[in-house]
Amino acid sequence: MSNSMPIHELLMPWIENHIGMPLSNLRTDPIPVVSSLNAESHPLTACKLGHRGAISSRVEWVSKLQPLVTNIPMDMLFSPFGCAELARVTLSDDYGIWGPNWYFFGDATTLKPYDDERWQAYSPMQLGCIDHKLFWHCSQEAIQGFGIEEQGELVALAVVTEHSHPVWEIGMDVIPSAKARGLGRSVVSAAANWVVQNNRYVVATVGPFNVPSVRTLRASGLKYSFMTLKAAPGPFQIPPQPLGSPLPDAEVYNYYPQWAMNQCVKPKP
C-alpha cells in the first residue's frame with residue numbers, strides 16, 4: 001500500500017474518528033475548544049498536527065477550557081505543564097490528563113529494510129501464555145506477535161492489534177536485561193512488514209520520554225504525524241523520567257537532588 005500523499009492525509013477519516021473531531025477544527029494559537037463528536041469515548045482529546053491544534057471535550061468542559069487554553073501557547077499546552085492545567089478542569093469529574101503521546105505511521109513507502117531474522121511468529125493462541133505484566137505494551141487482543149527468545153526465555157515481543165480499517169497498531173516491549181541490542185527493532189520491523197503485507201497501515205504511539213522506543217520506531221521507518229493529550233478516568237498520572245541515554249556508554253545523572261524531586265508523586269498501585 002503506497003501513495004505520494006502524506007500518510008495523515010490518506011488516513012484523515014481514521015484520525016478524525018480516533019481523536020473525536022474533524023481535522024478542519026485545527027487552528028494556530030489560540031487553539032479552539034469544541035464539543036467532542038463522541039464524548040463517551042473521547043471525553044477530552046487535544047491534538048497538534050504541524051503548527052495547528054484543537055481540543056475536543058465533553059460539552060460541560062468547553063466553557064471552562066477555552067479561556068484557560070487561550071492563555072497558553074501551543075508548545076506549552078502540549079507538555080506536562082499543559083496536562084496539569086487541563087486537569088484543573090477535568091479532575092473535578094475524576095478524569096486525569098495523560099500525554100503527550102506521539103503518533104507514528106508507516107506503509108510500504110516508509111518502512112526500512114532490516115535483515116534480522118532472530119524473531120519468530122506467535123499466534124494469538126501462543127500470545128495467550130504471555131506474561132502481560134512484563135510485556136505490558138503488548139495488547140491481549142493482538143492478532144499476531146513477533147518475539148525473540150534467548151535460552152528459552154522470551155526477551156522481546158511486538159504484537160499487532162486491529163483498529164478500524166485501514167490501520168493496525170504495533171505495541172512492543174523488551175525486557176530490561178536485553179535492551180540496547182537491536183531486539184526491539186527486529187520485532188517491530190517484522191510486525192510492521194506483516195501489517196503492510198496485509199494491506200494495512202502501521203500505527204504506533206509512544207511518549208516523548210521513551211527515547212529507546214522512539215529511536216526504534218524511527219529506525220524501522222515509521223514517520224511522526226501528530227501528538228495528543230487525552231483525558232482518562234482516574235487520578236492524575238505522570239510519565240517517568242526520560243528513559244535511555246545519548247550513547248551506550250554515556251553516564252546519565254539526575255540534574256536535581258532527590259530531595260528536590262516531586263514529593264507528591266505516589267507509587268504505581
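## A loop residue to start with

Asp94 sits in the loop between H5 and E4. Its phi is near 65°, which is a positive value in a residue other than glycine. Is Asp94 buried or exposed? With a relative accessibility of 56%, Asp94 counts as exposed, because the cut-off for that word is over 50%. Please keep in mind while you look around that this is a predicted model.

Asn199 also has a positive phi without being glycine, with a value near 60°. You can find Asn199 in the loop between H7 and E9, and it follows H7. Its relative accessible area is 44%, so Asn199 is partly exposed.

## Helix H5 and its residue Leu86

Now step back to H5, the helix made of residues 80-90, where Leu86 lies. Which residues of H5 are buried? They are Gly82, Cys83, Glu85, Leu86, Ala87, Val89 and Thr90. The cover over these buried residues includes two helices, H3 (59-70) and H4 (74-77), along with the strands E2 (44-49), E3 (52-57), E4 and E10.

Leu86 is worth a visit of its own. Its relative accessible area is 0%, so Leu86 is buried. What does Leu86 contact once its neighbours within four places in sequence are left aside? The list is Leu44, Ile55, Leu65, Leu68, Val69, Leu77, Ile97 and Leu229. You can also compare sequence with space here: Leu86 and Gly96 are 10 residues apart along the chain, and their C-alpha atoms are 8.6 Å apart.

## Two buried residues in strand E10

Strand E10 covers residues 223-233, and Thr228 is one of its residues. Thr228 has a relative accessible area of 1%, which means that it is buried. Not counting residues up to four places away in sequence, Thr228 touches Ile19, Thr45, Ala46, Phe78, Trp98, Gly99, Pro100, Asn101 and Tyr103.

Ser225 belongs to E10 as well. Its relative accessibility is 12%, and because buried means under 20%, Ser225 counts as buried. Which residues does Ser225 touch, if those up to four places away in sequence are not counted? They are His8, Leu49, Tyr103 and Phe105.

## Two cis peptide bonds

Pro100, one of the residues touched by Thr228, lies in strand E4, which runs over residues 95-106. The peptide bond leading from Gly99 to Pro100 is cis, and its omega is near -5°.

Another cis peptide bond joins Asp29 and Pro30, with omega at about -10°. Where is Pro30? Look in the loop between helix H2 (12-19) and strand E1 (33-35).

## Helix H7, wrapped by its surroundings

H7 gives you a neat calculation to try. A helix is expected to span 1.5 Å times one less than its number of residues, so the 15 residues of H7 should span 21 Å. The C-alpha atoms at its ends are 21 Å apart, which agrees.

How many of the 15 residues of H7 are buried? The count is 11, so H7 is largely enclosed by the rest of the structure. The buried ones are Leu183, Gly184, Ser186, Val187, Val188, Ser189, Ala190, Ala191, Ala192, Val195 and Val196. Among the elements covering them are the strands E6 (144-150), E7 (153-162), E8 (167-174) and E9 (201-206), together with helix H8.

## How H7 meets H8

At what angle do H7 and H8 pack? Helix H7, residues 183-197, and helix H8, residues 211-219, pack at about 45°, and their axes are 9 Å apart. That angle makes H7 oblique to H8. The crossing of H7 past H8 is right-handed.

On the H7 side, the contact is made by Gly184, Arg185 and Val188, and on the H8 side by Thr216, Leu217 and Ala219. Sorted by kind, the residues of this contact are 3 nonpolar, 2 polar and 1 charged. Two of the names may look familiar: Gly184 and Val188 are among the buried residues of H7.

Terms used. Residues numbered from 1 in each chain as written. Predicted model: local features only at pLDDT ≥ 70, side-chain atom pairs only at ≥ 80, totals over all residues. Heavy atoms only, no water. Axes fitted to C-alpha atoms, helices over the stretch in contact; angles between N-to-C directions. Helix = DSSP H or I, 4+ residues; strand = E, 2+ residues; numbered from the N terminus. Parallel < 35°, antiparallel > 145°, perpendicular 65-115°, else oblique. Left-handed = near helix turned anticlockwise from the far one by under 90°. Contact = heavy atoms within 4.5 Å. Nonpolar A, V, L, I, M, F, W, Y, C, P; charged D, E, K, R; others polar. Buried < 20%, exposed > 50% of the residue type's maximum accessible area, 1.4 Å probe, protein only.
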